[in-house]
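Reader: Could you take one part of this model and look at it closely, then follow its contacts outward as far as they usefully lead? I would like the account to stay connected, and to keep to what can be read from the coordinates.

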Amino acid sequence: MKKLFLFLLLCSFAVSAQEYYEIRTYQMKFRGNVNLLESYLSKALIPALNAYGVSKVGVFKDYGKQDPATVVVAIPFPSLASYAGYKDALEKNAAYQDAAKAYFENVGMDKPMFEKISTYLAKGFAGHPSLKLPVSNPGRIYEWRTYEAYNEDALKRKIAMFNDEELKIFDTVGLHNVFFGEVLAGENTPCLSYMVSFENMAERDANWVKFQANPDWKRISADPKYANSHSRTVRKFLEPTSYSQW
């Protein structure tokens with residue numbers, strides 16, 4: 001019976017095109033060893049995830065180089081089963097274990113690194129089920145937004161607003177869609193999280209002005225069925241590291 005359940009579970013995910021995203025935020029300590037963390041990410045974690053079948057791993061830092069630093073890692077998985085199995089795969093990957101050794105051994109009060117890792121697990125929207133990388137300029141920036149909701153119904157209505165109307169408006173005005181996900185687990189739920197990209201900050205500012213002036217946006221933002229659909233917006237500006245695959 002257990003094997004049958006697992007088979008049916010895997011089949012259900014195989015027919016879904018919606019990706020799952022693990023989004024980690026490493027909140028570094030003051031004078032934390034960012035170089036060691038980045039060495040681990042670039043030389044151990046990313047190659048191992050690529051070998052596992054995750055083709056694009058994004059790694060970002062705060063735009064403006066804050067101190068203590070924040071490092072954001074975004075990992076798209078093709079299915080929930082793929083997400084559930086990746087840590088076991090890392091445990092069995094000898095090359096990963098060897099490359100990660102210095103990072104694993106950097107423990108103790110005298111070896112500061114990060115305060116904590118905050119993690120979201122999100123499911124891709126039906127209207128934007130998988131990662132899209134429309135901007136490739138070396139100076140590109142990413143805007144990562146999280147919309148918190150008053151309750152689960154409010155979140156459902158906000159996601160419907162995106163799927164039915166808002167994603168198309170984003171495309172029209174040049175808010176370059178990267179990923180959109182309903183957060184299944186993590187801090188400040190119920191919420192959704194998404195990322196858009198731009199050639200630079202000037203393009204970002206200009207295109208958000210276009211969005212606010214868009215007649216379709218004005219129409220749907222006044223629609224009662226979408227009223228009070230989110231309570232707070234958390235926003236971060238990010239720039240990719242040299243080894244990021246986004």
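Author: A good place to start is Asn-214, which lies in the loop between α7 and α8, the latter spanning residues 215–221; the model is a predicted one, and what follows should be read with that in mind. Asn-214 has a relative accessibility of 11%, and because buried means under 20%, this loop residue counts as buried. The side chain of Asn-214 reaches the backbone nitrogen of Asp-216 at 2.9 Å. When residues up to four places away in sequence are set aside, Asn-214 touches Ile-169, Thr-172 and Val-173.

Those partners lead to the pairing of helices. The axes of helix α6, residues 152–173, and helix α7, residues 201–213, come within 9 Å and cross at roughly 130°, an angle that makes the two helices oblique to each other. The crossing of α6 and α7 is right-handed. On the α6 side the contact is made by Glu-166, Ile-169, Phe-170 and Val-173, and on the α7 side by Asn-207, Trp-208, Lys-210 and Phe-211. Sorted by class, the contact of α6 with α7 has 5 nonpolar, 1 polar and 2 charged residues. Ile-169 and Val-173 are thus named twice, as members of this helix contact and as residues touched by Asn-214.

Phe-170, another α6 residue of the helix contact, provides the next step, as it is also in contact with Asn-177. Asn-177 has its place in strand β6, residues 176–185, and counts as buried, with a relative accessibility of 3%. The side chain of Asn-177 makes a polar contact of 3.2 Å with the side chain of Asp-171. Leaving aside neighbours within four places in sequence, the contacts of Asn-177 include Leu-167, Phe-170 and Asp-171, and beyond these His-128, Lys-132, Pro-134, Met-195 and Val-196.

The loop that follows β6 has two backbone features to note. Most residues other than glycine have a negative phi, and most peptide bonds are trans. Asn-188, found in the loop between β6 and β7, has a positive phi of about 60° although it is not a glycine. With a relative accessibility of 42%, Asn-188 counts as partly exposed. In that loop one also finds Pro-190, ahead of β7 at 191–198, and the peptide bond from Thr-189 to Pro-190 is cis, with omega near 0°.

From Asn-177 one can also turn to another part of the chain by way of Ser-118. The C-alpha atoms of Asn-177 and Ser-118 are separated by 23 Å, with their positions 59 residues apart along the chain. Ser-118 is among the residues in contact with Arg-24, and Arg-24 is found in strand β1, residues 20–28. Arg-24 has a relative accessibility of 9% and so counts as buried. Its side chain takes part in two polar contacts that can be set side by side: one of 2.8 Å joins the side chains of Arg-24 and Tyr-26, and one of 2.9 Å joins those of Arg-24 and Tyr-86. Apart from neighbours within four places in sequence, Arg-24 is in contact with Leu-45, Val-71, Val-72, Val-73, Ile-75, Tyr-86, Ile-117, Ser-118 and Thr-119.

Leu-45 and Tyr-86 from that list belong to a second helix pair, in which Leu-45, Ala-48, Leu-49 and Tyr-52 of α2 meet Ala-81, Ser-82, Gly-85, Tyr-86, Ala-89 and Leu-90 of α3. The residues of this contact divide into 8 nonpolar, 2 polar and no charged. Two packed helices are described by the angle between their axes and the distance between the axes. For helix α2, residues 34–52, and helix α3, residues 80–91, the axes come within 11 Å and cross at roughly 125°. That makes α2 oblique to α3, and α2 passes α3 in a right-handed crossing.

One residue in the stretch before α2 completes the account. Arg-31 is found in the loop between β1 and α2, and its phi is near 65°, a positive value in a residue other than glycine. Arg-31 has a relative accessibility of 70% and therefore counts as exposed, whereas Arg-24 in strand β1 counts as buried.

Technical notes. Residues numbered from 1 in each chain as written. Predicted model: local features only at pLDDT ≥ 70, side-chain atom pairs only at ≥ 80, totals over all residues. Heavy atoms only, no water. Axes fitted to C-alpha atoms, helices over the stretch in contact; angles between N-to-C directions. Helix = DSSP H or I, 4+ residues; strand = E, 2+ residues; numbered from the N terminus. Parallel < 35°, antiparallel > 145°, perpendicular 65-115°, else oblique. Left-handed = near helix turned anticlockwise from the far one by under 90°. Contact = heavy atoms within 4.5 Å. Nonpolar A, V, L, I, M, F, W, Y, C, P; charged D, E, K, R; others polar. Buried < 20%, exposed > 50% of the residue type's maximum accessible area, 1.4 Å probe, protein only. Polar contact = N/O pair within 3.5 Å; in protein donor to acceptor, adjacent residues only side chain to side chain.
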